[in-house]
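Please find below my notes on the helix packing and the aromatic contacts, set out as numbered points for you to follow alongside the coordinates.

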Amino acid sequence: MQRIEHDKYILRKMITIYARHRCNDDASRQEFMRLAQYACNRLEHCRYGEAKPACKDCPIHCYAPTERQRIKMVMRWAGPRMILYSPRGVLRHLCQTLKTRLWGSPHP
């Protein structure tokens with residue numbers, strides 16, 4: 001699986017976990033599914049493509065401010081729980097983050 005596709009998969013999984021556990025009505029769940037679609041669209045159009053760093057380490061923030069706050073909220077809640085749902089995804093993300101922090105971003 002390519003990097004962008006894997007990031008979209010993990011992002012959808014995190015939003016689904018958050019919506020399942022934190023939202024009590026279908027309207028809220030639908031709103032989070034729209035957030036997932038927005039985030040996946042942003043990933044597809046990332047200017048760095050397959051060589052992109054983790055979004056939190058990226059020098060360019062392509063999310064609108066409200067969506068960025070919402071995705072941060074989701075990731076803060078669902079991130080620690082991902083070890084139960086997708087341990088390999090968590091390890092891959094940690095490796096990606098360490099690689100970016102140790103050797104720097106390959107982008108100017």
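1. In this predicted model, the charged end of R70 sits over the ring of F32, at 5.1 Å from the ring centre. A second arginine, R81, lies over the face of W77, where the distance to the ring centre is 3.9 Å.

2. The rings of Y18 and F32 deserve a look as a pair, with centres 5.0 Å apart and planes at 55°, an angle between the 30 degrees below which planes count as stacked and the 60 above which they count as edge-to-face, so the pair is tilted. Since Y18 belongs to helix α1 (residues 3-22) and F32 to helix α2, the pair ties together parts that are 14 residues apart in sequence. Both Y18 and F32 are buried.

3. Y18 also forms an aromatic pair with W77, and this one is edge-to-face, at 5.6 Å centre to centre and with 85° between the planes. The pair links distant parts of the chain, with Y18 in helix α1 and W77 in helix α3, 59 residues apart. W77 is buried, as is Y18, and together Y18, F32 and W77 form one aromatic cluster.

4. Turning to the helices, α2 (residues 26-44) and α3 (residues 65-78) pack at an angle of about 105°, with 11 Å between their axes. As this angle falls in the range of 65 to 115 degrees, α2 and α3 are roughly perpendicular to each other.

5. The contact between them brings E31, F32, L35 and Y38 of α2 against E67, R70, I71, M73 and V74 of α3. By class, this contact of α2 with α3 comprises 6 nonpolar and 3 charged residues, with no polar ones.

How values were computed. Residues numbered from 1 in each chain as written. Predicted model: local features only at pLDDT ≥ 70, side-chain atom pairs only at ≥ 80, totals over all residues. Heavy atoms only, no water. Axes fitted to C-alpha atoms, helices over the stretch in contact; angles between N-to-C directions. Helix = DSSP H or I, 4+ residues; strand = E, 2+ residues; numbered from the N terminus. Parallel < 35°, antiparallel > 145°, perpendicular 65-115°, else oblique. Contact = heavy atoms within 4.5 Å. Nonpolar A, V, L, I, M, F, W, Y, C, P; charged D, E, K, R; others polar. Phe/Tyr/Trp six-rings, centres within 6.5 Å; stacked < 30°, edge-to-face > 60°. Buried < 20%, exposed > 50% of the residue type's maximum accessible area, 1.4 Å probe, protein only. Lys NZ or Arg CZ within 6 Å of the ring centre and 35° of its normal.
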